[in-house]
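Open the model in your viewer and keep the selection box handy. We will go from stop to stop, and at each one I will say what to pick and what is there.

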Amino acid sequence: MNSIARGLLALVALEVILDLAPIVSLSWPLLAEVVWLILLVAVILYAIISVSWIFRERLSTGHAAAVFMLLYHLGFICFFLTQPYSASHETANQIACGLERLQDLGSAFQKNCFLGYPARGYALAALPSLLLGRNHFALNFGGALPLLIGYLIFAAGTATHLRARPGGSWILCAALTLPLHFFYITHFTMMYEQSAHPFALGLALVGLGFIYLEFRRELELSLIAVVLLELAYTYTTGLALLGLALVLLGCELLRARAKRLPCWQLGTTLLLVLIDAALTFVFREDVRFLSHEPGTGPAKLIEDLREGFWVLLTGGADVRVMSYISLALLVVLPLAGIFTKRLRALTLLCTLWIIATFGLALCSQGYATYVVQFRLHRAIVICPILMMLLVLCLEPLAPRRAVPITLALLLFMTGVLFQSSYVGEKMAYQFMIHLNTREFSRHLAFIQHVEAQIGLQPEVDHGVVYIAREIHENFASLGDQLHYYLPHVEQRELRVPCPPAADGEITIYAQPEESSCIPAAPLWRRISDFSFLDEPTARVYVAQH
């Protein structure tokens with residue numbers, strides 16, 4: 001096993017060297033891409049092995065509660081994979097970008113895409129589409145892959161840490177209920193969108209950390225290095241977890257040196273991740289902490305902080321960001337940890353980090369200045385740390401089985417109630433703030449309809465889609481979906497009453513039945529009528545050269 005671990009660490013070192021190469025005018029992007037994919041596959045294989053261990057060990061010892069809670073999460077994630085209302089246009093755009101970078105055979109792998117995010121951060125989510133083709137299942141499964149990996153490794157790691165505790169299964173069960181109490185975790189899980197990926201990678205980090213501290217194996221430390229590199233390139237909020245993890249690694253290195261334990265791998269891991277994380281700031285364009293818009297000075301920042309914490313405590317106009325019971329745990333767990341000698345330093349560090357994460361979530365601009373309530377979605381990265389603190393604080397109470405059992409059942413029942421209100425609305429085609437799931441489903445239905453009518457080949461045919469101005473608002477984000485499903489077909493704004501036919505391309509035009517525009521034959525032909533739910537029928541025309 002040590003040889004595998006050292007091989008993985010050698011690959012991490014090679015990846016960092018390949019990332020440094022362009023600084024001295026050298027570049028091997030194809031090799032960097034191959035090495036990166038090998039590292040990602042290693043994490044996937046470890047998660048699969050974790051599945052077999054969990055079911056073999058936990059069920060054979062009668063610890064079915066934790067297995068049930070894990071299956072609840074996995075089932076929830078998998079249930080929505082094929083549902084049309086989970087067809088997020090942002091997920092489609094993100095994974096389409098990652099897929100394009102992978103298919104460029106390395107030439108664009110070390111570049112950005114989709115609003116300045118590093119391209120390699122989408123490599124993991126793009127793998128299913130690369131292997132299974134461009135379809136709704138592959139799209140959502142790619143977005144779900146980090147979540148599946150995170151839950152599996154967290155469960156395996158926490159179960160390993162608590163394996164000798166009589167009530168350990170219920171403590172793990174209680175920890176696994178916490179994500180149910182975060183609105184935006186459910187929200188982004190059902191969209192399979194990148195905003196949930198740092199949360200998922202945080203789960204994997206906590207699980208790997210528990211196993212490493214139990215056995216001091218090199219394999220888990222090498223995998224921690226891989227996950228930290230992925231955090232460095234994923235959605236911006238992953239940088240918060242990366243910073244905390246690097247501090248904890250540094251503390252562990254100092255502790256190992258003080259005890260005269262072998263620490264070369266710890267030091268190497270810390271150095272490699274620090275170098276590569278620093279490199280990401282050279283080219284990534286998604287880190288925007290301060291807004292340069294008018295009226296965004298210190299007074300505005302203080303007002304946003306005050307409003308954000310008020311929304312967190314009382315609930316906003318549309319959704320409650322966290323349940324009351326999770327807010328209570330956000331206060332109780334740090335206090336319990338600080339008054340426990342063995343957890344004091346760790347808890348104090350994590351508490352300060354949680355406060356700072358909430359503050360940055362509210363104050364930083366990102367690629368758009370959202371309303372304060374929606375900015376709090378960036379703070380879901382605190383959930384894995386809160387789950388870790390819950391496990392550590394409940395651990396001494398494990399022999400008193402009534403405590404973890406009661407807490408697990410309470411958290412599960414209240415969490416399901418908190419989660420179900422949003423799930424019910426989502427499945428009833430209601431959505432939050434400014435988005436509407438009808439639009440997502442309509443886009444997918446329109447693309448599938450046109451593909452079937454014309455026989456488009458996604459990787460071959462080039463074309464243009466025009467939507468009449470009367471119905472354009474119903475297809476506002478169609479271009480994002482086209483980017484994934486039909487990568488060579490783009491949506492263009494129609495500025496004239498009737499569309500032109502693009503020379504050498506397939507041109508598709510949709511209009512309402514009462515439209516005054518009649519595309520001229522023989523260039524144009526009406527192929528079908530498209531209708532969605534109770535909306536008026538649209539006429540679909542095509543011009544092919």
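An angle over 145 degrees between helix directions counts as roughly antiparallel. Keep that cut-off in mind as we walk through this predicted model.

**Stop one: α15 and α17.** Select residues 344–363 for α15 and 382–394 for α17. Their axes come within 11 Å and cross at roughly 155 degrees, so α15 and α17 are roughly antiparallel to each other. The crossing is left-handed. To see the contact, show side chains: on the α15 side you will find Leu 346, Thr 347, Cys 350, Trp 353, Ile 354, Thr 357 and Phe 358, meeting Ile 382, Ile 385, Met 388, Leu 389 and Leu 392 of α17.

**Stop two: α17 by itself.** Keep α17 selected and turn on a surface for everything else. How many of its 13 residues are buried? The count is 13 of 13, so α17 is largely enclosed by the rest of the structure. Click Cys 383 as an example: its relative accessibility is 0%, so it counts as buried. For a quick geometry check, put a distance label between the end C-alpha atoms of α17; they are 18 Å apart, which agrees with the 18 Å expected for 13 residues at 1.5 Å a residue.

**Stop three: α11 and α12.** Now select 238–258 and 264–283, the helices α11 and α12. They pack at an angle of about 155 degrees with axes 10 Å apart, and are therefore roughly antiparallel to each other. α11 passes α12 in a left-handed crossing. Among the contact residues are Leu 242, Leu 246, Leu 249 and Leu 253 of α11, along with Leu 270, Val 273, Leu 274 and Phe 281 of α12.

**Stop four: the disulfide.** The structure holds 1 disulfide. Select Cys 97 and Cys 113, whose sulfur atoms lie 1.9 Å apart. The pair links distant parts of the chain, with Cys 97 in helix α4 and Cys 113 in strand β1, 16 residues apart. Both Cys 97 and Cys 113 are buried.

**Stop five: two loop residues.** Most residues other than glycine have a negative phi. Tyr 192, in the loop between α8 and α9, has a positive phi near 55 degrees. Arg 216, in the loop between α9 and α10, also has a positive phi, of about 55 degrees. Which of the labels buried or partly exposed fits each one? Tyr 192 is buried, with a relative accessible area of 1%, whereas Arg 216 counts as partly exposed at 35%.

Notes
Residues are numbered from 1 along each chain as its sequence is written. This is a predicted model: local features need pLDDT of at least 70, side-chain atom pairs count only at pLDDT 80 or more; totals for chains, interfaces and linings use all residues. Side-chain values use heavy atoms; hydrogens and water are left out. Helices (H or I, at least four residues) and strands (E, at least two) are DSSP runs, numbered from the N terminus. The expected span of a helix is 1.5 Å times one less than its number of residues. Buried means under 20% relative accessible area, exposed over 50%, partly exposed in between (1.4 Å probe, protein chains only). A disulfide is a pair of cysteine sulfur atoms within 2.5 Å. Axes are lines fitted to C-alpha atoms, for helices over the stretch in contact, and angles run from 0 to 180 degrees between N-to-C directions. Angles under 35 degrees count as roughly parallel, over 145 as roughly antiparallel, 65 to 115 as roughly perpendicular and the rest as oblique. A crossing is left-handed if the near helix is turned anticlockwise from the far one by less than a right angle, and right-handed if clockwise. Contact means heavy atoms within 4.5 Å.
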